[in-house]
Amino acid sequence: MNNVDLIKKKIELLEQKKSEMETKEALTLYRKFHKILGEEYSPELVVGLVSHTWENKSSKLKEAWLQKATSFRPSQSLSQEN
């Protein structure tokens, strides 16, 4: 196998891994939202809540949320759920 083919194969594997990670993250978010909202859960409700909350908060609060998001590490219980 030449170098170009090897690189193409690695790219394909990385794209597959990325897709798997995105799916896992989406399922984790779904489980968290469903747990919080219970029977009221719907994708539209979640989008509405997040949009409304984000649009109606100060830039200072948004910055604090963004800082927390970059330092977030999943808890042990969350990783055990998956």
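**Confidence, an aromatic pair and a buried lysine**

Confidence in the chain peaks in helix H1, at a mean of 95, and is lowest in helix H4 (residues 76–81), at a mean of 48. The model is predicted. Over residues 76–82 the pLDDT falls below 50. Beyond near neighbours in sequence, this stretch makes 6 contacts in the model. Where pLDDT is low, predicted coordinates should not be read in detail. For the chain, the mean pLDDT is 87. A value of 70 or more is reached by 84% of the residues.

Aromatic rings were examined next. The count comes to 2 aromatic pairs. One of them joins Tyr30 and Tyr41. The two ring centres lie 5.2 Å apart, and the planes meet at 85°. This arrangement is edge-to-face, because the angle is over 60 degrees. The pair links distant parts of the chain. Tyr30 belongs to helix H1 (residues 3–37), whereas Tyr41 sits in the loop between H1 and helix H2 (43–55). The two residues are 11 residues apart. Tyr30 has a relative accessibility of 38%, so this residue counts as partly exposed.

A charged residue was considered last. Lys62 is found in helix H3, which covers residues 59–71. Lys62 is buried, yet has no salt bridge. The nearest side chain of opposite charge is that of Glu55, 8.2 Å away. A salt bridge requires a distance within 4 Å, so Glu55 does not provide one. With neighbours within four places in sequence left aside, Lys62 is in contact with Trp54 and Lys57.

Note on methods:
Residues are numbered from 1 along each chain as its sequence is written. This is a predicted model: local features need pLDDT of at least 70, side-chain atom pairs count only at pLDDT 80 or more; totals for chains, interfaces and linings use all residues. Side-chain values use heavy atoms; hydrogens and water are left out. Rings of Phe, Tyr and Trp (its six-membered ring) pair if their centres lie within 6.5 Å; planes under 30 degrees apart count as stacked, over 60 as edge-to-face and the rest as tilted. Helices (H or I, at least four residues) and strands (E, at least two) are DSSP runs, numbered from the N terminus. Buried means under 20% relative accessible area, exposed over 50%, partly exposed in between (1.4 Å probe, protein chains only). Lys and Arg count as positive and Asp and Glu as negative; His and the chain ends are not counted. Contact means heavy atoms within 4.5 Å. pLDDT is the predictor's confidence in each residue, from 0 to 100.
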